[in-house]
Amino acid sequence: MVIIGPALRRQLKLANNDLRTNQRSRLGYVPHPPRTTRWLTIMIHPTATLNRCQNPNFFMQATISDHIKVRFDQGFDVRDVMTGFESRWVHLGNVSTTVTSVDMDELLCPYKVDSVNLPESSGRTVTVKVQFASTEDAIKAVMDLNGIEFAKRTITAKLSINNSSRGSTILADTDVQLVWDAPSRAGYAGYETLEDARAALKSLNGALLDYLVMTAQLYEGLPCVHAYNVMLEPIPANVTVPYLRKFTNAKDVMVGPPNYDSLDRAINFNVLPAPYKDGKVKAWARFTSPAEARAAQDDLDQRSPKIIGHTTLSCRHVVSVSHVLSAAMYKKIRGDIGLLRLSWQDRYGSCISIREHTKENDETGPTHIRLSSERPELLSILKYEYEQLLHGETVTLEKKPLWDDFLIAPAGRAYIGQMQAQYPGVHIEVHLHSRTISLWGPMVMRHRARQEIVRKVVELKAQQLWKIPLSGKLFGIFHSTEFSTLRGLLGFDNCILDFGARVLVVRGNDSAFRTACDVIQDLQSRQGDVANPSENVCPVCFGEAVVPMSLACGHRWCRSCLTSYLSSAVENRMFPLKCLGNDATCTQCVPLGISRRLLSAADFNAVIEAAFWSYVHSRPDEFHPLSHAGLPTGVSLRSPERRFAVPFVSHPHLSSVSNRVS
């Protein structure tokens with residue numbers, strides 16, 4: 001079902017009811033709107049007729065790498081990109097079921113709205129999904145509408161983020177973290193000599209005793225247990241004197257009174273498992289809304305309830321993002337997660353945390369990573385830095401992704417295997433569609449591997465490029481018959497056909513250039529340059545079009561030549577794809593519908609991705625590509641304020657409403 005916005009609804013009231021019914025039920029095609037009207041992105045239906053598919057007013061929306069939404073014009077020309085880090089959708093919650101579409105139109109009239117989805121429900125409230133004309137309009141609506149009274153109810157407004165549908169990331173903004181002292185007491189151990197006391201300090205400081213991690217220090221004063229005394233705190237409340245004497249290997253020990261006896265009666269929610277560092281128990285409580293979580297913080301923070309021995313309870317409303325990593329991915333980045341945790345603790349202390357949890361004795365199971373902070377703006381930055389670990393380190397040169405087609409050739413794959421063997425622990429992946437190289441592994445070894453790859457690619461690019469023009473009939477015949485032969489002689493990545501300029505590009509030394517010239521001269525001597533008098537001439541092979549395909553410009557192609565031209569775009573990356581008629585001067589783009597009919601689903605998707613990544617790489621100042629394996633390939637906006645996948649900072653002004661976004 002196509003959801004129709006208020007502006008369109010008013011237009012359709014003037015039309016025939018049957019036309020309106022047909023229009024709304026059609027899954028694929030909607031007539032292109034006037035320039036003054038803002039419409040929904042349009043999908044091309046796979047069973048559309050050829051004439052419809054050649055209509056220049058039709059666009060196609062595709063989803064790249066599971067979460068990047070791209071709108072394509074004819075010839076695979078990219079018109080619009082939504083990276084998954086912005087959204088035009090807003091969810092209005094707690095809306096009364098008595099609200100009608102007219103009421104919604106009145107509420108949303110100050111904004112530019114594309115569509116409103118008002119569901120039917122037998123309950124008391126519903127969630128209304130609204131698509132705005134732009135991300136900025138959606139953000140403004142969130143700021144204006146969240147918490148207002150509407151139809152005798154307080155509604156919520158939350159921005160819906162285009163996260164991956166794989167569901168590996170979960171945002172929680174209704175949690176409260178509670179921190180209090182664990183059941184504990186102080187302990188004192190006495191030793192005969194200073195050397196014994198110092199040896200005890202070395203062995204006991206940071207040691208785990210039951211559920212607590214102890215600290216140990218020399219002290220003078222009361223109680224005086226022996227000649228040289230070591231104070232241990234915290235130690236568990238249930239530790240006995242005989243057990244402590246044996247554990248510390250001391251001459252004598254004493255214990256102080258416990259703050260309280262047990263956690264059993266103190267809690268009935270999710271407590272993080274022992275050991276408890278710094279003697280602090282940490283737990284999580286989840287509420288039904290962010291407002292309730294903030295109210296709990298205001299009511300409970302800094303209280304000293306009797307049930308936890310009148311120790312001070314810290315209660316903070318935090319926002320967290322949870323990720324699930326496969327065992328293989330966690331193994332790749334485990335060391336880097338530890339370094340990131342240390343870095344953030346040095347910068348921000350305890351107001352932000354990174355926690356890992358894997359089931360005990362389950363080496364092949366997933367690991368849960370939880371990033372939490374009381375300050376959403378810090379969590380946004382942390383999440384970005386954490387996701388860089390998932391993406392791997394992208395090899396760059398002069399701030400641009402480093403790439404050479406050598407890497408996808410057999411020799412290139414062998415070279416990557418050699419690098420992984422040479423640098424143990426380093427994992428290298430080459431991404432054809434995004435044309436990037438990603439590295440994981442220990443920092444020092446990764447750095448050495450990166451330097452070696454950069455050196456190799458720079459060396460390859462230093463080889464000379466030769467451009468050999470191929471005009472007229474020769475270009476088509478060469479493409480059909482000799483191109484694969486020459487690639488076999490010189491290497492797949494050393495021969496490229498530029499369809500637009502009708503040029504053969506050869507990379508290599510003088511010998512490679514002479515080899516290419518010999519092949520072309522031999523082809524000329526065998527074929528000549530005889531013009532084909534027929535008007536039914538294919539612009540690629542310059543022969544009579546076989547199983548002809550006609551474009552809107554009137555030029556006819558062989559079906560196989562057009563298919564080959566479309567498929568070669570994955571390697572050539574010359575977009576948009578235009579007709580090569582009139583010696584490649586025709587400006588007509590190849591219709592998307594024809595491309596979809598000729599190519600297999602896999603080949604069509606490959607061209608879609610090639611067009612998108614070509615668009616991204618041609619705009620290095622606008623986009624920041626992120627690629628990794630086992631997770632969605634990403635691309636974010638270059639602007640530091642807008643490059644995060646967390647919804648809080650998808651817009652410079654959004655941090656002020658971070659607790660309203662989900």
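Modeller: Contact, as I will use the word, means heavy atoms within 4.5 Å. Helices (H or I, at least four residues) and strands (E, at least two) are DSSP runs, numbered from the N terminus. This is a predicted model: local features need pLDDT of at least 70, side-chain atom pairs count only at pLDDT 80 or more, and totals for chains, interfaces and linings use all residues. Residues are numbered from 1 along each chain as its sequence is written, and side-chain values use heavy atoms, leaving out hydrogens and water.

Colleague: Thanks! What covers the buried residues of H11?

Modeller: Their cover includes E25 and H12.

Colleague: How do you know that the length of helix H11 agrees with its number of residues?

Modeller: The expected span is 1.5 Å times one less than the number of residues. For the 13 residues of H11 (residues 410-422) that should give 18 Å, and the end C-alpha atoms are 18 Å apart, so the two agree.

Colleague: And which residues of H11 are buried?

Modeller: Gly-412, Tyr-415, Ile-416 and Met-419 are (buried means under 20% relative accessible area, exposed over 50%, partly exposed in between, with a 1.4 Å probe and protein chains only) the buried ones in H11. Down the axis of H11 they fall within an arc of 100 degrees, so they line one face of the helix; the arc is that of the directions from the helix axis to the C-beta atoms. The face of H11 turned away from that buried side has the exposed residues Pro-410, Arg-413, Ala-414 and Ala-421.

Colleague: What puts the buried residues of H8 on one side of that helix?

Modeller: In helix H8 (residues 290-300) the buried residues are Pro-290, Ala-293, Ala-296 and Gln-297. Around the axis they cover an arc of only 120 degrees, which puts them on the same side of H8. Just after H8 comes Gln-302, with a positive phi near 70 degrees.

Colleague: What makes Gln-177 a buried residue?

Modeller: Its relative accessible area is 12%, under the 20% cut-off, so Gln-177 is called buried. Gln-177 belongs to strand E10 (residues 169-181). Apart from residues up to four places away in sequence, Gln-177 touches Lys-282, Ala-283, Trp-284, Ser-314, Cys-315, Arg-316 and Val-318.

Colleague: Back to E25, please. Why do E22 and E25 count as edge strands?

Modeller: Pairing takes at least two bridges found by DSSP between two strands. The open sheet has three strands in the order E22-E26-E25, paired antiparallel. Strand E22 (393-394) and strand E25 (427-431) each have a single partner strand, so one side of each is left without a neighbour in the sheet.

Colleague: How many bridges join E22 to E26?

Modeller: Two bridges join E22 to E26, which meets the requirement of at least two, so they are called paired. One bridge sets Thr-394 against Ser-438 in E26. On the other side, E25 and strand E26 (residues 436-440) pair over five bridges, also in the antiparallel sense. Among the facing residues, His-431 stands opposite Thr-436 and Ile-428 opposite Leu-439.

Colleague: What makes E26 mostly covered?

Modeller: Five of its five residues are buried. Thr-436, Ser-438 and Trp-440 point one way from E26, while Ile-437 and Leu-439 point the other way.

Colleague: Which helix lies across this sheet?

Modeller: Helix H12 (residues 443-461) lies across E22, E25 and E26, at about 155 degrees to E26. Axes are lines fitted to C-alpha atoms, for helices over the stretch in contact, and angles run from 0 to 180 degrees between N-to-C directions. Arg-450 has its place in H12. Leaving aside neighbours within four places in sequence, Arg-450 is in contact with Glu-393, Val-395 and Leu-439.

Colleague: Last one: which residues have the most contacts inside the largest nonpolar core?

Modeller: A nonpolar core is a set of buried Ala, Val, Leu, Ile, Met, Phe, Trp, Tyr and Cys residues joined through side-chain atoms within 4.5 Å. The largest one has 41 residues, and Phe-72, Phe-76, Leu-562 and Phe-612 have the most contacts inside it. Among the elements giving it two or more residues are strand E2 (68-73), helix H15 (559-572) and helix H18 (601-617). H18 gives the most to this core, nine residues. A second, separate core of 23 residues includes Val-90, Val-99, Val-116 and Phe-132.
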